[in-house]
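Reader: I have a structure to look at and would like to go through it step by step. Where should I begin?

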Amino acid sequence: MALIRFPHSGQEERFEFTPENRVELERIIAKYPVRRSALIPALQLAQEQEGFITSAVMQHVAGIFEVSPMEVWGVVSFYTMLKTQPIGEYHVQVCNNLSCALMGAGRLLREIENRLDCRTGHTREDGKFSIEAVECLGACGGAPCVQVNEHYFECVTPEIMNDIFSALEKGETVSPIGADEVVSPALAGAEEADGEGQG
Ligand code: FES
C-alpha cells in the first residue's frame, strides 16, 4: 500500500514500535474497555519513541487500531501535544490565552525568544530548545504559565525563566514551580505596604 503523506508530518518511510514499546502498548490497550480508546496514548508512546509523529507512525497506528489513517490524522492534527515536526530537547510552551496575556505573557514570550535566540514556532539550530505559543494550559490561577516538556512553571517572570534556562543549559534538572511558590510583584508590593502601615 502506498504511504499517504500527511501535511506537516515527517518523511520517514517506516515505523514499528520497539519490542519493549509493543509490550507497553498492549498493557495500555488492556486498560480500556474499547480498544480504540487507547489511540491517543498509543500516539504519545510513538512520539516518545520517534520524537514526533510521522506519516509512517500514523499508518502503523491506524493498522493496530483498525481505523483509517485519516481518522488518526484527525486526532493528531487536533491535539497540540502531538507533534508532527521535530522539536527541541526542551520544548517551551508559553500560554497566550486571556489570563496569561493579561499577566504579561506577550512580553514574557518576547523575552524568552531573545534569551533563547529562537523564534516562536521554531527549533533552535542546536536542537536544544523550541518555542510554541499555546492555548490555555489549564493553570489560569498561576498566570502567566509556561510548560517546559512535562513541567509547569506558574507565575513566572523573564528572570525566573532565565534561571530555568541557565540550569537546563548546564544539564541540571529543574523542578516545576507552582503558583503558591512565587510571590507576584503586585502581591509583594501589597505586603510591603501592609508592613509599613503596621509599623
Ligand atoms: S490562560 Fe494561561 S493557563 Fe489558562
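Reader: Which residues of the largest nonpolar core touch the most other members?

Author: This is a predicted model. Its largest nonpolar core holds 25 residues. Those that touch the most other members are V92, V94, A105, I112, C145 and V146.

Reader: Which helix supplies the largest share of this core?

Author: Several elements each give at least two residues to the core: strand 1 (90-95), helix 6 (105-116), strand 2 (129-134), strand 3 (146-148) and helix 7 (158-169). The largest share is 5 residues. That share comes from helix 6.

Reader: Where does helix 6 lie, and at about what angle does it run to strand 1?

Author: Helix 6 lies across strand 1 and strand 2. With respect to strand 1, helix 6 runs at about 160°.

Reader: What is V94 in contact with, leaving aside its neighbours within four places in sequence?

Author: V94 stands opposite A133 in strand 2, and A133 is also one of its contacts. Leaving aside neighbours within four places in sequence, the full set is A105, L108, L109, I112, A133, V134 and V146.

Reader: Which other core lies apart from this one, and which residues are among its members?

Author: The other core lies apart from the largest one and has 14 residues. Its members include A56, M58, V61 and V76.

Reader: At roughly what angle do the axes of helix 3 and helix 4 cross?

Author: Helix 3 covers residues 55-65 and helix 4 covers residues 69-78. Helix 3 passes helix 4 in a right-handed crossing. Their axes come within 8 Å and cross at roughly 115°.

Reader: How many nonpolar residues are in the contact of helix 3 with helix 4?

Author: Helix 3 brings M58, Q59, V61 and A62 to the contact, while helix 4 brings P69, E71, V72, W73 and V76. By class, 1 residue is polar and 1 is charged. The number of nonpolar residues is 7.

Reader: What is the order of the strands in the open sheet?

Author: The sheet has 4 strands, and its pairing is mixed. Strand 2 and strand 4 (151-153) are the edge strands, as each pairs on one side only. From one strand to the next, the twist averages 20°. The order is 2-1-3-4.

Reader: Do strand 1 and strand 3 pair in the parallel or the antiparallel sense?

Author: Strand 1 runs parallel to strand 2, and 6 bridges join them; one bridge partner there is E132, which pairs with Q93. On strand 3, V148 is the bridge partner of V92. Strand 1 and strand 3 pair over 3 bridges, and the sense is antiparallel.

Reader: Why is strand 1 largely enclosed by the rest of the structure?

Author: Strand 1 has 6 residues. It is largely enclosed because the number of them that are buried is 5.

Reader: Is V134 buried, partly exposed or exposed?

Author: V134 is found in strand 2. Not counting residues up to four places away in sequence, V134 touches T80, Q93, V94 and C95. Being buried takes 20 or more other C-beta atoms within 10 Å, and being exposed takes 12 or fewer. V134 has 17, so V134 is partly exposed.

Reader: What separates the C-alpha atoms of V134 and Q93?

Author: Along the chain, V134 and Q93 are 41 residues apart. Their C-alpha atoms are separated by 6.1 Å.

Conventions:
Residues numbered from 1 in each chain as written. Predicted model: local features only at pLDDT ≥ 70, side-chain atom pairs only at ≥ 80, totals over all residues. Core = buried A, V, L, I, M, F, W, Y, C linked by C-beta atoms within 7 Å. Contact = placed C-beta atoms within 7 Å. Pairing = 2+ DSSP bridges. Axes fitted to C-alpha atoms, helices over the stretch in contact; angles between N-to-C directions. Left-handed = near helix turned anticlockwise from the far one by under 90°. Nonpolar A, V, L, I, M, F, W, Y, C, P; charged D, E, K, R; others polar.
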